[in-house]
Amino acid sequence: MAYMHKNLSPDEGIWSLRRLPDMDEAQFSQWQTLLEHRTGMTLSAERRSFLETNLGIRMREIGCSSYQAYYEQIVSGPNGIREWSTLVDRLTVQETRFFRDPDAFRLVSDFVLTRPREALKKRPLEVWSVGCSTGEEPYTLAMVLNECMTQLELPPLFGVTGSDISKPAIEKARRGQFNPRKLMGMDETLKARYFRPAERNTVEIVDSIRDRVCFAGLNVLNLDKAPMHGMNIIFCQNLLIYFRRWRRREIVRRLAERLAPGGLLVLGQGELTDYQPPGLQRVPSEHVLAWIKRQTDEE
């Protein structure tokens with residue numbers, strides 16, 4: 001249940017906490033429609049309390065007293081775009097950590113290590129982390145690629161791009177500083193190699209990895225306008241679960257278009273069932289959902 005601070009007279013004290021009314025069906029439907037229209041993400045009825053809580057927290061911060069008033073402020077207010085960006089960050093940024101799915105990153109490593117050495121020498125590997133949140137995933141990919149290049153005794157010719165709809169998340173990712181709990185479960189050797197102590201009891205990514213990773217704001221509804229093309233690896237985990245089935249297929253189709261021939265697409269387990277994306281061949285694996293883009297006869 002959401003609560004709201006109410007500004008009172010001096011005689012009553014400065015702040016008091018009062019309960020916001022429950023969100024009715026029409027209001028919830030209105031917010032559902034707005035979120036899906038602008039981001040493509042669906043919010044089930046079971047997540048109404050999640051929406052109420054996050055709206056209530058933000059409304060309290062800016063002194064807005066009703067769901068309807070806040071909705072109108074976002075849709076037509078003078079600062080609507082900026083406020084929408086703040087709210088989307090609250091509703092979409094998920095908890096993540098480094099090496100969250102070891103099986104998926106192991107598959108990426110195997111994919112790189114089995115590529116022809118001459119191809120790795122001629123052209124840098126281009127990798128894209130879609131829905132990268134605060135950066136743990138793209139930085140992990142950069143570490144995996146660096147380990148591969150070291151094992152192959154090749155220079156670190158690779159670049160990783162992380163994209164996300166949340167501007168605050170992207171800004172945090174660019175800083176490259178993290179709470180040590182984000183490293184839980186990581187190999188101690190990798191921790192020592194790729195992190196160093198930073199301010200306020202945080203750790204930061206070493207420059208050799210940060211220099212290989214860049215970030216961009218991107219709504220997956222606008223993939224047709226994304227500048228990424230000819231990617232060798234596209235990593236998109238724990239994002240598609242928020243979309244309707246037809247939109248998941250559309251997103252995957254768009255991502256496949258941006259793969260180079262022979263490129264690897266990695267999704268989260270269970271995010272796309274009973275569907276074979278055109279032009280892709282499923283990677284045989286019990287633990288990872290992934291495809292390889294087929295080579296044409298000319299390539």
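Let me start with helices α5 and α7. In this predicted model, the axes of α5 and α7 come within 10 Å and cross at roughly 35°. The crossing of α5 past α7 is right-handed. On the α5 side, the contact is made by Phe 105, Val 108, Ser 109, Val 112 and Leu 113. On the α7 side, the residues are Glu 137, Thr 140, Leu 141, Val 144, Leu 145, Cys 148 and Gln 151. By class, the residues of this contact divide into 8 nonpolar, 3 polar and 1 charged.

These two helices come up again with the pockets. The second largest pocket has a volume of about 230 Å³. Which elements give two or more residues to its lining? They are α5, residues 102-113, and α7, residues 136-151. The pocket is lined by Phe 99, Pro 102, Phe 105, Arg 106, Ser 109, Leu 113, Met 143, Val 144, Glu 147, Cys 148, Gln 151 and Leu 190. Of these lining residues, 8 are nonpolar, 2 polar and 2 charged. Phe 105 is in this lining, and Phe 105 is also part of the contact between α5 and α7. The same can be said of Val 144, which lines the pocket and takes part in the helix contact.

One residue of that lining deserves a remark on its backbone. Phe 99 sits in the loop between α4 and α5. Its phi is near 55°, a positive value in a residue other than glycine. For background, most residues other than glycine have a negative phi. Arg 200 is another case: its phi is positive, about 50°, and it is not a glycine. Arg 200 is found in the loop between β6 and β7.

That loop takes us to the three-stranded sheet. It is an open sheet of 3 strands in the order β5-β7-β6, and the pairing is antiparallel. β5, at 177-178, and β6, at 195-197, are the edge strands; each has a single partner strand, so one side of each is left without a neighbour in the sheet. β6 pairs with β7, residues 203-205, over 3 bridges in the antiparallel sense. Within that pairing, Pro 197 has Val 203 of β7 as its bridge partner.

Now the sheet of 7 strands. It is open, with the order β8-β4-β3-β9-β10-β12-β11, and the pairing is mixed. At its edges stand β8, 213-217, and β11, 280-282, each with a single partner strand, so one side of each has no neighbour in the sheet. On average, neighbouring strands here are turned by 20° against each other, direction ignored. β8 runs parallel to β4, residues 158-164, and 5 bridges join the two. In one of these pairings, the partner of Val 160 is Val 213 in β8. Helix α11, residues 245-257, lies across β3, β9, β10, β11 and β12, and runs at about 145° to β10.

Next, the largest pocket. Its volume is about 270 Å³. Which element gives the most to its lining? That is α4, with 4 residues. Both α1, at 25-39, and α4, at 80-92, supply at least two residues each. The full lining is Arg 38, Thr 39, Ile 81, Trp 84, Ser 85, Val 88, Asp 164, Ile 165, Lys 167, Gly 217, Leu 218 and Asn 219. The lining residues divide into 5 nonpolar, 4 polar and 3 charged.

Last, the enclosed spaces. How many cavities of 30 Å³ or more does the structure hold? There are 2. The largest cavity has a volume of about 340 Å³. It is lined by 25 residues, and the closest to its centre are Gly 131, Cys 132, Ser 133, Asp 164 and Asn 238. α7 and β4 are the elements that give two or more residues to this lining. By class, the lining has 10 nonpolar, 10 polar and 5 charged residues. Asp 164 is worth a second look: it is among the residues closest to the centre of this cavity, and it also lines the largest pocket.

The second largest cavity has a volume of about 80 Å³. Of its 10 lining residues, Leu 35, Met 41, Leu 43, Arg 47 and Leu 91 lie nearest the centre. That lining divides into 6 nonpolar, 3 polar and 1 charged.

Terms used: Residues are numbered from 1 along each chain as its sequence is written. This is a predicted model: local features need pLDDT of at least 70, side-chain atom pairs count only at pLDDT 80 or more; totals for chains, interfaces and linings use all residues. Side-chain values use heavy atoms; hydrogens and water are left out. On a 1 Å grid over the protein atoms alone, a cavity is a set of points where a 1.4 Å probe fits but cannot get out, and a pocket is an open set with protein on both sides within 12 Å along at least five of seven lines; lining residues have an atom within 4 Å of a point. Grid points are joined across faces, edges and corners, and a volume is the space filled by probe spheres set on the points. Ala, Val, Leu, Ile, Met, Phe, Trp, Tyr, Cys and Pro count as nonpolar, Asp, Glu, Lys and Arg as charged, and the others, Gly among them, as polar. Two strands pair if DSSP finds at least two bridges between them. Axes are lines fitted to C-alpha atoms, for helices over the stretch in contact, and angles run from 0 to 180 degrees between N-to-C directions. Contact means heavy atoms within 4.5 Å. A crossing is left-handed if the near helix is turned anticlockwise from the far one by less than a right angle, and right-handed if clockwise.
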